[in-house]
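Trainee: Could we go through this structure together? I would like to begin with the interior and then turn to the sheets and helices.

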Amino acid sequence: MSIPEEGIAAAVEVMRGGRLFRYCATSAETSQVAQAEKEFAAMVNQKYALGVNSCSSAIMLALMAVGVEPGDQVITNGFTFTALPSTIMRLGAEPVLVEATKSWIMDLDDLEKKIAAFPDAKVLLLSHMRGKVADMDRVVEICEKNGITLVEDCAHSCGVTWRGKQLGYHAKVTAYSTQSDKVINSGEGGFVTTDDDEIAAKMIYLSGCYERRYGKHAVRPPDDLCEVAMAEMPNLSCRMNEVTAAVMRPLIKNLPQRVEAYNRRYDAVVKVLREEAGDVIVVPTQDERVGTVGDHLNFYLTGVTDEQNALFRQTCVAMGVPVSWFQSKVNARWHVNWRKYGSPTFDLPNTDEVLRFAYDLKMPPYFDDEDFPAFAKVIAYASNVAAGKIE
């Protein structure tokens with residue numbers, strides 16, 4: 001999405017002043033990063049938010065802050081973005097992959113099986129892939145019963161709610177993304193949030209604070225905890241910079257209005273798909289306790305062969321709609337492709353069957369309203385061609 005004029009002006013002002021570095025501002029009150037952290041914490045209804053240079057960094061800090069060490073096992077989704085197993089492995093830990101359901105959420109029955117099979121695993125890194133949310137009441141129950149610390153990956157979930165509250169509040173620590181494909185666009189960036197004072201102090205220093213620059217954080221834990229963290233935490237230099245925060249702040253403020261537009265357009269697309277190809281295309285539905293954000297279209301084909309599936313892709317692309325197939329050999333969200341860089345091999349037959357005919361398409365915010373039913377008709381037509389309903 002484009003950057004609002006307010007964000008462009010704020011970024012230009014930062015560049016004119018030359019204070020781009022994460023701690024160059026004269027105070028928390030004049031720091032774009034510190035103010036973005038304050039605004040984001042308010043948006044997600046959590047005590048602390050820390051701006052970082054990517055959601056991968058947010059996940060890394062979250063895992064480190066809850067005590068993940070080399071050799072540990074971390075349970076996570078078998079269907080998610082490659083950054084999750086990559087970040088776990090970056091810390092010298094081992095991913096334990098859990099099956100996905102036909103609703104594209106973590107299979108909580110398989111989660112319980114994996115907890116039993118890997119009793120040394122004490123952290124669950126739960127990804128809400130493409131904003132699809134598992135039964136969070138049951139997730140919390142499972143974690144509490146088994147002594148598991150919950151970390152949430154809300155990369156795709158800014159604006160998504162559970163029981164009317166911004167998603168992410170169940171976890172000890174939560175990571176969010178503001179990368180350009182998400183609903184808050186900072187180019188590359190993210191936030192890590194928590195209500196825990198000690199964890200917040202650790203993450204401030206892990207992210208790149210040094211000496212007593214914690215005073216330049218507008219939302220921070222008590223000074224005595226920051227003093228302890230200053231002495232004990234390594235510095236990983238991944239806090240957000242001033243220009244990144246400047247361009248993004250208006251998009252935090254206007255997110256509720258944009259969510260309405262996303263969902264209106266998403267509903268228009270789904271209506272066309274169900275009316276014109278409802279016996280071939282399945283659009284997964286969400287739990288009624290979830291408040292959704294329709295920034296991506298996800299669906300799968302049913303009743304088709306692999307050859308028909310390939311024809312569907314070819315027809316869509318030929319007609320200008322570049323749907324992304326989840327079992328492509330280059331798709332970064334298919335667990336089989338993670339094995340190429342050393343991620344452990346898990347047999348996930350249910351996940352593979354779900355993704356075999358599954359697709360992903362960004363809902364471009366710069367399109368006009370009438371464009372959305374138009375490309376939905378292309379997808380519906382292509383599916384009917386593939387199924388042999390149209391020659």
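Trainee: How do the residues of the lining of the largest cavity divide into nonpolar, polar and charged?

Mentor: Please keep in mind that this is a predicted model. The lining of the largest cavity has 7 nonpolar residues, no polar ones and no charged ones.

Trainee: Which residues line the largest cavity?

Mentor: The lining consists of Tyr 48, Ala 49, Leu 50, Ala 200, Met 203, Ile 204 and Val 219. Strand 1 (48–52) and helix 7 (197–206) each supply at least two residues of that lining.

Trainee: How much space lies in the largest cavity?

Mentor: About 50 Å³. The structure holds 1 cavity of 30 Å³ or more.

Trainee: Turning to strand 1, what is the order of strands in the open sheet of 7 strands?

Mentor: The order is 1-9-8-5-4-2-3, and the pairing is mixed. Strand 1 and strand 3 (94–98) are the edge strands, each pairing on one side only. From one strand to the next, the twist averages 20°.

Trainee: In what sense do strand 1 and strand 9 pair, parallel or antiparallel?

Mentor: Strand 1 and strand 9 (residues 190–194) pair in the antiparallel sense, over 5 bridges. Tyr 48, one of the residues lining the largest cavity, has Thr 194 in strand 9 as its bridge partner.

Trainee: Which strands does helix 3 lie across?

Mentor: Helix 3 (residues 55–65) lies across strand 1, strand 2 (73–77), strand 4 (123–127), strand 5 (149–154), strand 8 (173–177) and strand 9. Helix 3 runs at about 175° to strand 8.

Trainee: A change of topic: at what angle do the axes of helix 5 and helix 6 cross?

Mentor: The axes of helix 5 (residues 108–117) and helix 6 (residues 136–146) cross at roughly 10° and come within 11 Å. The crossing angle therefore makes helix 5 roughly parallel to helix 6.

Trainee: And which residues meet there, in helix 5 and in helix 6?

Mentor: Leu 108, Asp 109, Leu 111, Glu 112 and Ile 115 in helix 5 meet Arg 138, Val 139, Ile 142, Lys 145 and Asn 146 in helix 6. By class, this contact has 5 nonpolar, 1 polar and 4 charged residues.

Trainee: Finally, what is the order of the open sheet of 3 strands?

Mentor: The order is 7-6-11, with antiparallel pairing. The edge strands are strand 7 (165–166) and strand 11 (290–291), and each pairs on one side only.

Trainee: Over how many bridges do strand 6 and strand 7 pair?

Mentor: Strand 6 (residues 161–162) pairs with strand 7 over 2 bridges, in the antiparallel sense. Thr 161 has Gln 166 in strand 7 as its bridge partner.

Key: Residues numbered from 1 in each chain as written. Predicted model: local features only at pLDDT ≥ 70, side-chain atom pairs only at ≥ 80, totals over all residues. Heavy atoms only, no water. 1 Å grid on protein atoms, 1.4 Å probe; cavity = no way out; pocket = protein on both sides within 12 Å on 5 of 7 lines; lining within 4 Å. Points joined across faces, edges and corners; volume = space filled by probe spheres on them. Helix = DSSP H or I, 4+ residues; strand = E, 2+ residues; numbered from the N terminus. Nonpolar A, V, L, I, M, F, W, Y, C, P; charged D, E, K, R; others polar. Pairing = 2+ DSSP bridges. Axes fitted to C-alpha atoms, helices over the stretch in contact; angles between N-to-C directions. Parallel < 35°, antiparallel > 145°, perpendicular 65-115°, else oblique. Contact = heavy atoms within 4.5 Å.
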